[in-house]
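Trainee: I'd like to learn how to read a model like this one, feature by feature. Where do we begin?

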Amino acid sequence: MTIRWTLLPASELPAGDAWLGPDERKVLAGFRFRNRRSDWRLGRFVAKRAVSSFASIDDTNRIQILAAEDGAPEAWIDGRKGELGISISHREGLAACVVSDGAAVGCDLEAVEPRSSRFVNDFFTEQERIAVEATAGALRDRHVALTWSAKESALKVLRVGLRRDTRSVEVEIEKVEAAEAGWHPLRATVSPEGRAFLGWWRQEAQVVLTVASDDERQSIAN
Ligand SMILES: CC(C)(COP(=O)(O)OP(=O)(O)OC[C@H]1O[C@@H](n2cnc3c(N)ncnc32)[C@H](O)[C@@H]1OP(=O)(O)O)[C@@H](O)C(=O)NCCC(=O)NCCS
């Protein structure tokens, strides 16, 4: 089965909230901070687009994206919880959403920017640290961003996020030097469970997007 991905900039957001469902509008009304409101709105917008395209639902008013108790997003269609895997990320005026036929998925956007050795020492495993430090020059920033982002994607698959030690996920990035656009593979191994997630990464300008899934038969396309 194919995971579908959608990435949209804030400039695509409609004015007003008429495109949000009644339960979504209640959630929006509860946010105190403007940044949180705008990130959340953009995430909802991209997720509704992604679900409507995945499930061939033309009328997006039938879809609501609501958070479960643990914070993970869930797609509700005509008031019933859909059998879809879904994940959302927002960063730097962009939001991404991935949708699957039910397999757990996670996605994450991160900026490619300088991060210190202290960050790497604190949050990465020994193998990740060695791999990152062996990456020369400007590519190091990309490698660090990809490793961090893939950890977050895997932690979203597990629905725990950063409640869990980031070193319990070990990431291997393939083709960190890839110059061409498009998707490239990654792998994330979760300890102590020993679960292995396959995933993909791509770079869009100064932002990387990673995706992870617990189903090895998946591929990715938009
Ligand atoms: C999930 C998490 C790692 C994402 O952090 P981030 O990289 O800063 O933000 P991103 O934009 O990439 O992802 C945010 C989205 O992750 C999703 N998310 C939140 N909790 C999630 C979970 N437990 N599992 C999977 N996805 C989750 C949501 O869709 C959220 O966006 P939304 O709330 O606007 O719908 C982080 O929020 C986290 O660790 N949450 C769990 C801990 C927690 O709940 N802390 C209290 C927050 S008030």
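Mentor: Let's begin with the inside. This is a predicted model, and its largest nonpolar core has 48 residues. Those with the most contacts inside this core are C97, A150, A154 and V211.

Trainee: Which helix gives the largest share of this core?

Mentor: Helix α5, residues 139–157, does, with eight residues. Domain 1 (2–102) and domain 2 (107–221) both give residues to the core, so it lies between them.

Trainee: Take one core residue, then. With which residues is A150 in contact, leaving aside its neighbours within four places in sequence?

Mentor: Look for V171, I173, L186, A188, G199, W201, T210 and A212.

Trainee: And how do I read the two domains against each other?

Mentor: Start with their centres, then go to the contact. The C-alpha centres of domain 1 and domain 2 lie 24 Å apart. The contact takes 17 residues from domain 1 and 17 residues from domain 2. On the side of domain 1 that touches domain 2, β1 (2–9), β5 and β6 (94–100) each supply at least two residues. β1 gives the most to that side, with five residues.

Trainee: What about strand pairs? How are β2 and β3 joined?

Mentor: For a pair, check the direction, the bridges and then who faces whom. β2 (residues 63–67) and β3 (residues 73–77) run antiparallel, joined by five bridges. I65 in β2 stands opposite A75 in β3. The two strands form a hairpin with five residues between them, and G71 in that turn has a positive phi of about 100 degrees.

Trainee: Is there a general idea for side chains along a strand?

Mentor: Yes: in a regular strand they alternate between the two faces of the sheet.

Trainee: Now the ligand. How many residues surround the ligand, and which are the closest?

Mentor: The shell has 22 residues, and the closest are G71, A72, S89, G161 and L162. So you meet G71 again here, after seeing it in the hairpin turn. As for elements, α2 (34–54), β5 (85–91) and α5 each supply at least two residues of the shell. The largest share, five residues, comes from β5.

Trainee: Last, how do I sum up the chain as a whole?

Mentor: Count the elements, then look at the overall size. The protein chain has five helices and 12 strands. Its radius of gyration is 17 Å, close to the 17 Å that the globule rule gives for 222 residues, so the chain is as compact as a globular protein of that length. Of those 222 residues, 36% count as buried.

Methods
Residues numbered from 1 in each chain as written. Predicted model: local features only at pLDDT ≥ 70, side-chain atom pairs only at ≥ 80, totals over all residues. Pairing = 2+ DSSP bridges. Helix = DSSP H or I, 4+ residues; strand = E, 2+ residues; numbered from the N terminus. Core = buried A, V, L, I, M, F, W, Y, C linked by C-beta atoms within 7 Å. Buried ≥ 20, exposed ≤ 12 C-beta atoms within 10 Å, placed from the backbone. Domains from an automatic or database assignment. Contact = placed C-beta atoms within 7 Å. Rg over C-alpha atoms; globule rule 2.2 N^0.38 Å. Near = placed C-beta within 6 Å.
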